[in-house]
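Today I opened my notebook to look up how aromatic rings meet one another, and where charges sit over them. Here is what I wrote down.

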Amino acid sequence: MAFRIKQTRWLYVSLSILSLYLAFIITPVEASPPVITPVLSSSQPTNGLEQGRNLYQSGRFAEAVIAWQTAAQQYHTQGDRLNEALSLSYLSLAQQELNQWEVAQQSIEQSLKLLQTNKPSADAILWAQAFNTQANLQLHTGKAETAIESWQQAQKFYEQAGDKMGSLGSQINQAQALQTLGFYRRSKQQLEVLTQKLQGMPDNEIKISGLRSLALALEMIGDGNSQQLLEQSLAIANKIAAKPQLSSILISLGQTAVDLQDPNTAFDYFEQAQLLATNPSDQLQARLAQFKLFLDYDKPELATPLAPQLLQQLRELPPSHISLYAAINFVGILTLNRQSNPDQIVPLKDLAQLMAVTVKSAQQIEDAQAEAYALHQWAKLYRRTQQISEAQELAQKSLDIARKLQANDIIAQSAWQVGQLYKQQGDRSKAITAYTEAVNALKALRGDLVAINPDIQFSFRSSVEPVYRELVDLLLENQPSQAELMQARELIEALQIAELDNFFREACLDRTQQIDQVDPTATVIYPIILPDRLTVILSKAGQPLRSYVTQKSQAEIEQTLDNFLVALNPVSDFKDRDRFSQQIYDWLIRPAEAEQAFIDTKTLVFVLDGRLRNIPMAALYDGKQYLIEKYAVALSPGLQLMATRSLNQNHLSAIVGGISQARAGFAALPAVESEIKQISKAVSSSVLLNQEFTSQALAERVKSSSASIVHLATHGQFSSRLEDTFLLTWDGQMNVKELSELLKNRGSDPSKAIELLVLSACDTAAGDDRAVLGLAGLAVKSGARSTIATLWPVKDQAAAILMTRFYDQLRQPKITKAEALRQAQISLIRQNDFHDPFFWSGFVLIGNWT
């Protein structure tokens, strides 16, 4: 018996890596060995185990189930309880892939029971594999904390057996489970330690798999080391001639190049992957990646010849988990791409036929999840051809399956589709119900939205944001009720939070508080850009919500906003600037003033939508005065903020850092020295200037100091791309995630949170309507209660004057941060050199304004 267990140990090694991949809820990675036809032999149960492995790794999970059930029965007949337990453990993995959760649970429970009964002779490897499988099941069924405990057990047994790779695999899975619980910093720390351990291992296929797994995990949490790890795994694969691994690594590198917006490099990787593929599945994935790349970059002439080849290959592949999703992906690429008409590349009838076959194949192999996705794509095709009743039937079937599976990602898409079809038929009530179900599913997914099922191209901009916006549009039709206004307001806030989650690739907000309860002298303004109108909702403590509407197309509204931004340049005609500014003022502010909605209001808090985020509200002009001359102005990501607490003006202290000299290709900021000197006079300050202003020095100062203010006068950029959002320190660029983690490094004690973060020389990416997300994201993510930053690069002399005035005001008793900034901005308005809005209106306060 011991010999037979030893014989099957190689199978365990491959499957432990594979099951480790499959536990990655964020990005499951599947090995791709050659697809083989199973030849089951009742006289050779070991062959059954091996055949199950081959079938499993080629995505033919239903056939793997049969092979492992047969092996388990044969071992049971022979009285070989330990190999029976091993077979059942593998069987559970395959059943999990088919979403057969109940029978998967029964299989692993039976495996563990057999091991417990034969405890004295059970190999530690078998225990490790069983706990690994159990943890995989627990994670996929929403029991992440229990899964971590099971992987800790697996790790213990792997170490007992001297299996370093098994131990590392369990630790990688624990790190992934931590992410599902929202503990991203802990996860990243663990992954960094694991990377170091892998580096010391000899070059082999297991190391390659481990490095690639880590690379993909790190990529999903925005860690820049992911590409380096992929390149390292590729180098090792080439060195030891690990051909089966090459194609998968090259596809991953190609996807990284796509993320970096480098299509030529991506194409080269995908082409290499196709040439080196050792099985049809990898070859298909590489071709699909090329196909999508061509369409994304508007090259239909390159995509069109590839389409018939892909269609033929998809028709010929035997039914499997991988082939089903490849077919769904193919149709999804065509229907989601807005730059092409699918019917010009592949006839819609052929795509519909492919989805019909895919649905039948999914039923045949009992892959309910794939069936639901295929029905969803099939319904999309019917909707394109205006076969509404057929589309409705298919979409409803998809939704019914998704509900049974409790699969929120499918519920979100299918319920949205059902809602769109009801809306198209004029049934507003049923449409709102379906849309609401879709939004609730999206809320349940939270920080995982960025990465849900990349196989079917689930993206935030195309599959998440429109759900919220279309529901808001429905709710705000005609004369909305108070309940509808409240739901619309909550949706806009939820969308803002979802965007921040998507930006950071993790859930941002931990604690919340309603801002209309923070300050009774504040009015919260929600301008919402809809396709055919601009709706504004007003919220003031103790009063019903109000709303007013401007009937303008989204294109016209956004053109006016763009024109205003251009006109803010000091060299532009000030008459154009004032005209565009008054136009926006008339949309957002004047109707409320006409209704006397701002009586007793001192601060206007804007929860801005879309392109409005880049507009400086302080510079809106009523024909006589700027808005900032009448009210303090603040921005917020929504009603949800970190717990509030006002600054103690009697005990102000600051960490002040900055760079005045030219550095790393960035121009000198000579006024920074003066700015820092003036701030140090106004408040007790710990200063880091030029060479002293390193990331390490800043981290140490933040951690050891109790200062309530962090003021950073240096170059930086905020963008809708996490990778392009950074702050410049003397030793290089610090990305926004590193900065937010550094600022949050005082632990969980709310009394030690940074009250005010000031970024006085940063920039938001020009022409990027989501660039302010990086700014708002840092404001929320860092734990700082308030953040002041600039929407564009401001002349450093003007910044120095404004900041000096701001701190002078901040020391006054009972003054809010918003009012201190207002007074500083007014002081510039009254100076001849800097009265133009360009010099003062770019400064914005985000977060708590009190």
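Before the first lookup, a note to self: helices here are DSSP runs of H or I with at least four residues, numbered from the N terminus. I also kept in mind that this is a predicted model.

**Entry 1, one helix.** I started with helix α20, which spans residues 368–384 and holds both Trp 378 and Tyr 382. The two are four residues apart, about one turn of the helix. Their rings form a stacked aromatic pair, with 6.0 Å centre to centre and 25 degrees between the planes. Is Trp 378 buried or exposed? I found a relative accessibility of 17%, so Trp 378 counts as buried, the cut-off being under 20%.

**Entry 2, the overall count.** How many aromatic pairs are there? I noted 18. Among them is Trp 127 with Phe 157, a stacked pair at 5.7 Å centre to centre and 15 degrees between the planes. This pair joins distant parts of the chain: Trp 127 belongs to helix α7 (residues 124–140) and Phe 157 to helix α8 (residues 144–160), 30 residues apart. I checked burial here too, and both Trp 127 and Phe 157 are buried.

**Entry 3, a cluster.** Which residues join Tyr 56 in one aromatic cluster? I listed Phe 61, Trp 68 and Tyr 90.

**Entry 4, charges over rings.** Next I looked at arginines. Arg 663 lies over the face of Trp 730, 4.0 Å from the ring centre. I also found Arg 579 over the face of Phe 580, at 4.6 Å from the ring centre.

Methods: Residues numbered from 1 in each chain as written. Predicted model: local features only at pLDDT ≥ 70, side-chain atom pairs only at ≥ 80, totals over all residues. Heavy atoms only, no water. Phe/Tyr/Trp six-rings, centres within 6.5 Å; stacked < 30°, edge-to-face > 60°. Buried < 20%, exposed > 50% of the residue type's maximum accessible area, 1.4 Å probe, protein only. Lys NZ or Arg CZ within 6 Å of the ring centre and 35° of its normal.
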